[in-house]
Amino acid sequence: MAEAHIPSLLLESVIYLGAAVLAVPIFRRIGLGSVLGYLFAGVVIGPWGLGLVADTDTVLHFSEFGVVMMLFLIGLEIDPDKLMELRLPIFGMGGLQVLLTAGLVYGVGTAFNLDWRLSLVVGMGVAMSSTAIAMQVLAEQGALNRPSGRSAFSVLLFQDLAVIPIMILLLVIAPGAHVSNGVHMDWLAILKAVALVILLILGGKYLLRPVLRYIANTGLREIFIAFALFLIIGVSILMTLVGLSMALGAFISGVLLADSEYRQELELDIEPFKGLLLGLFFISVGMSVNLGMVLQHPVLIVGLALAFVSFKLVLLFGLAKVFRLNNAGGLMFAVTLSQVGEFAFVIFSAAVDTKVISYEHSAVLNSVVAISMVTTPLLLLVYQFAYRRRLQQRRQNRKFDEFDEERPIIIAGFGRVGQIVTRLLTGVGVEPTVIEHDPNQIELMRSFGYRAYYGDITRPDVLRAAGIANARLLILAIDNAEDAIETARYVRQHYPDVKILARVRNRTYVFDYMDLGIDCVRETFLGAVHLGEKALREMGYTPFHAYSTAWKFRRHDEGMMRDLHPIHTDMQKVVSYNVRTRQDLQHTLSRDMEEIVAGLNNNIWGGRSEDSLSESEDGSPQSP
């Protein structure tokens, strides 16, 4: 039997995809980001790791189309109105960041007698930050709409725009572009490049939309995708033929389509290809990281990475203060952009192609960039720890608000749950004392006419000042479940006559409150039951029978919680009880279904508004 031959391209594709599937989810889960996952996968399968793939150059050149497609999508996002709105942070803060970073690094490099071309390339690369890492950090921290997030986005946008002139500058400073008597220019080549750019602009304005309209009218999505890829790759090849970068061609193509009616469809179609190819690009960069060099010169490579990150932290924080960000926002802004970004890989790769720097220098710099990316998640952890500690100290040192008067009900927490309860109570004329530890939330709610007091409910002095000794009811609606439990224990021990109600997130905390004899409400349970009731009505149940079934389910679940309380620490008993009670519930509801079918002709509550529902004292449904 002949030995089966597996094409090398197919085998390498399996290796790339398998490495990405294994590494990236792990890195995302531990908070290091997908970019580092791709880089790590490349290091492992590359020639300096397991050696599963040896030809890194071919893969790198092919995967560069991921960067090309990224620039095409960036071009699609260029909205003139948005640029005008953010022009100060984009061109002010972003321009200063790129120019100062590149200029200072260049100055330090030449002061140490490095080649001026190498110093300039290093400066331009270090000026870049990782869009992928920074945007992920901002999204996870919920900071995209804060001043620090908007400033970081503006700087990243300017960096994206700056890549294009940087690519052109690499062509200008390439060896052979200068001669001893001055600058030598190939005017024919420049004329070709200018003519092609003008041709692209005119073609995009007068020809591209009719072609896209014609292809879209075919109704064949695969042909539309094929044309989008043909456009990007074709323009990129044309730009290469006249001596310009593929990235510049893709960017121009994107800008030309930024305000077209096909922009959204193009983004959706190109995004998967961009993501896969960009991931492949990062893998190939990881494969090119010379681990032997890192092990031979760990002090040089790690030292450079830490020096670049530290330098960018100081510079970015200084810029944040110049543009009037507060200390916390400025530090968040600096940490988010402190790493050297993925576009540095592109710049170093292009610099090697134009012979501006050597391959050996590029290998060292790529390793430095990868290590600098690792520092961002670590710095973020340090920032979060320091910020939380400082906030806690400020809360302890800051005096709580003076309470106007003692009221019978105290509500701890003015978030979404506390607000609803407060609205209900004030609606019937009962004014509660509301305590909130977030001053921003207090100011926001005061703008809506609600009064809340600043204070930390876990502090006994705050409770005493709020009048806990004479209160009838304490409602715990704070987000921190552990703080709520500790407060409940303290009040139960020192003020046993005060009734306590609490919101809880899950069953684990329900049992903790039951241990204290405190009533609590699962914040999602009643909403889910009500949603299930509406689902039954959509399935043909009458309003009465849907409400009755949902009420019986609720009663069953509450009874189950009481039965589980004594045995909730024994998982085997809990599982056995859940299986048994689930079967009982199915039998009960099945009998109800038979009654519903038999009584459909009575049309109980059929066509009646659900507003006419009434309940008995114990909450059971009653017929009108």
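The questions and answers below go through a predicted model of one protein chain.

Student: How many helices and strands are there in the protein chain?
Tutor: The predicted chain has 624 residues, of which 46% count as buried. Among its contacts with a separation of 6 or more, 72% are between residues 24 or more positions apart. As for the elements themselves, the protein chain holds 26 helices and 10 strands.

Student: In which element of the protein chain is confidence lowest, and in which is it highest?
Tutor: The mean pLDDT of the chain is 77, and 79% of the residues reach 70 or more. Among the parts that fall short of this, residues 607-624 have a pLDDT that stays under 50, and strand β9 covers residues 614-615. Confidence is lowest in strand β9, at a mean of 40, and highest, at 92, in helix α15.

Student: How many contacts beyond four places in sequence does the model have for residues 179-185?
Tutor: Where pLDDT is low, the predicted coordinates should not be read in detail. Over residues 179-185 the pLDDT stays under 50, so that caution from the general rule belongs here. With that said, the number of contacts beyond four places in sequence that the model has for this stretch is five.

Student: Which residues touch the most other members of the largest nonpolar core?
Tutor: In soluble globular proteins, nonpolar side chains tend to be buried together. The largest nonpolar core in this model has 103 residues, and helix α13 (residues 263-288) supplies the largest share of them, 10 residues. Apart from this core lies another, of 32 residues, including I410 and V574. In the largest core, the residues that touch the most other members are L39, V121 and L170.

Student: Which residues are in contact with L170, leaving aside its neighbours within four places in sequence?
Tutor: L170 is one of the residues that touch the most other members of the largest nonpolar core, and V121 is another. Once the neighbours within four places in sequence are left aside, the contacts of L170 are V121, M124, I347, A350, A351, T354 and V356.

Student: Does T376 count as buried or exposed?
Tutor: T376 is found in helix α18, which covers residues 359-397. Beyond its neighbours within four places in sequence, T376 is in contact with I133, V137, V335, S338 and Q339. Because its relative accessibility is 1%, T376 counts as buried.

Student: Which residues line the largest cavity?
Tutor: The structure holds three cavities of 30 Å³ or more, and the largest has a volume of about 60 Å³. The elements that give two or more residues to its lining are α22 (481-494), β7 (499-504) and α23 (507-515). By class, the lining has six nonpolar, no polar and three charged residues. The residues that line the largest cavity are I478, D479, A481, A484, R503, V504, R505, Y509 and Y513.

Student: In which loop does N113 lie?
Tutor: N113 is not a glycine, although its phi is positive, at about 65 degrees. At 71% relative accessibility, N113 counts as exposed. The loop that holds N113 is the one between α5 (87-111) and α6 (116-126).

Student: Does R324 count as buried or exposed?
Tutor: R324 is a residue other than glycine with a positive phi, near 65 degrees. R324 lies in the loop between α15 and α16 (327-336). Because its relative accessibility is 79%, R324 counts as exposed.

Definitions and conventions. Residues numbered from 1 in each chain as written. Predicted model: local features only at pLDDT ≥ 70, side-chain atom pairs only at ≥ 80, totals over all residues. Heavy atoms only, no water. pLDDT = per-residue confidence, 0-100. Helix = DSSP H or I, 4+ residues; strand = E, 2+ residues; numbered from the N terminus. Contact = heavy atoms within 4.5 Å. 1 Å grid on protein atoms, 1.4 Å probe; cavity = no way out; pocket = protein on both sides within 12 Å on 5 of 7 lines; lining within 4 Å. Points joined across faces, edges and corners; volume = space filled by probe spheres on them. Nonpolar A, V, L, I, M, F, W, Y, C, P; charged D, E, K, R; others polar. Buried < 20%, exposed > 50% of the residue type's maximum accessible area, 1.4 Å probe, protein only. Core = buried A, V, L, I, M, F, W, Y, C linked by side-chain atoms within 4.5 Å.
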